[in-house]
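Trainee: Please take the strands of this model and the surroundings of its metal, and go through them closely. Give the cut-off behind each term as you reach it.

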Amino acid sequence: MKNETLFISDLHLSVTRPEITQRFLRFLKRRASDAERLYVLGDLFDAYLGDDDNFSPNREVKSAFRQLTDSGIKVYFQHGNRDFLLGESFARETGIRLLADYEVIDLFGVSTLITHGDLLCTDDVQYQRARERIRTDAWKQAALSKPLWLRRMYARWYRFKSGLDKRGKTAEIMDVNPEAVRETMSRYGVDRLIHGHTHRPAVHEFEIENKRCRRFVLPEWGDGETVLCWSQEGFRTEAIE
Ligand code: MN
């Protein structure tokens, strides 16, 4: 095991894209098994309907995570907007640890803020309003109390509707708001941020109060995905075979 920490997000695993699931399972087995920690920063699943959903790819992903954590690798998960219904039983079953929407971690001596990224897209007022409504315990409980087949139908409708909504939004609206980034990084007292969600992989450099800051944006999976790999020597982005 190497002293490495890996970051991935936005795999959007779905039964309709089995090749991505296969690549991910291979990644867990051959690559993540060699690291010390793996952080999954949300949207692991394209639609997550509840921990009682044991259909593919959930079943395979669960057992692969279990194998990984049993071998001593620490796996952390932050919710994305697609898989925020992932809950404690998934965590218990797999041995992964669920994190809050914002977490500050010690990454080889540097405080680093990690988050899925959707909270930083404050220009999308419509999305933020909906998010506030559906992320309450009451809403989640009500949703999870519905039969799985009904949740599946609802998810299909939601995907269709969200596709329609996106057509009316500009690229800027769906990216992070620079002011929200600054404000959040200052609030947490960090000069390094790692997130996903926007599918615009990059390393942004900027200054906050004369301090050099960096924001790492992780890519989505499906077209030349990479893993952000951190070690004592620094970071590198590594292609996923
Ligand atoms: Mn997302």
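Mentor: Six strands form an open sheet in the order β4-β3-β2-β1-β10-β11, and the pairing is mixed. Strands and helices here are DSSP runs numbered from the N terminus (E over at least two residues for a strand, H or I over at least four for a helix), and two strands pair if DSSP finds at least two bridges between them. The model is predicted, so local features need pLDDT of at least 70 and side-chain atom pairs count only at pLDDT 80 or more, while totals for chains, interfaces and linings use all residues. Residues are numbered from 1 along each chain as its sequence is written, and side-chain values use heavy atoms, with hydrogens and water left out.

The edges of the sheet are β4 (97–98) and β11; each has a single partner strand, so one side of each lacks a neighbour in the sheet. Further in, β1 (residues 5–8) runs parallel to β2, with four bridges between them. T5 has R37 of β2 as its bridge partner. At the other end of the order, β10 (residues 226–231) and β11 (residues 234–239) are antiparallel and share six bridges. Two residues make the hairpin that connects β10 to β11, and W230 sits across from F235 in β11.

Next come the strands around β7. β6 (residues 110–115) is parallel to β7 and is joined to it by three bridges; I114 is paired with I194 of β7. β7 is also parallel to β9 (residues 211–217), here through four bridges, with L193 opposite R215. Both faces of β7 are covered: R192 and I194 on one side, and L193 and H195 on the other, are all buried, that is, under 20% relative accessible area with a 1.4 Å probe and protein chains only. In a regular strand, side chains alternate between the two faces of the sheet.

The metal is a manganese ion, coordinated by D43 (OD), N81 (OD1), H116 (NE2) and H197 (ND1) at 2.1 to 2.2 Å. Donors are N, O and S atoms within 2.8 Å of the metal (3.2 Å for Na, K and Ca), and sites may look incomplete because water is not among the atoms. The donor residues follow the spacing D-x37-N-x34-H-x80-H in sequence. D43 and H197 link distant parts of the chain, 154 residues apart: D43 lies in the loop between β2 (37–40) and α2 (58–70), and H197 in the loop between β7 (192–195) and β8 (202–208). D43 counts as buried because its relative accessibility is 1%; H197 also counts as buried, at 18%.

N81, a donor to the manganese ion, also belongs to the lining of the largest pocket. That lining has 40 residues, and N81, R82, Y127, Y158 and S162 are the closest to the pocket's centre. A pocket is an open set of points on a 1 Å grid over the protein atoms alone where a 1.4 Å probe fits, with protein on both sides within 12 Å along at least five of seven lines; lining residues have an atom within 4 Å of a point. α4 (125–134), α5 (137–144) and α6 (148–167) each contribute at least two lining residues, and α6 gives the largest share, eleven. In the second largest pocket, 17 residues form the lining, with S14, V15, A47, R152 and R159 nearest its centre. There too α6 supplies the largest share, four residues.

Definitions and conventions: Buried < 20%, exposed > 50% of the residue type's maximum accessible area, 1.4 Å probe, protein only.
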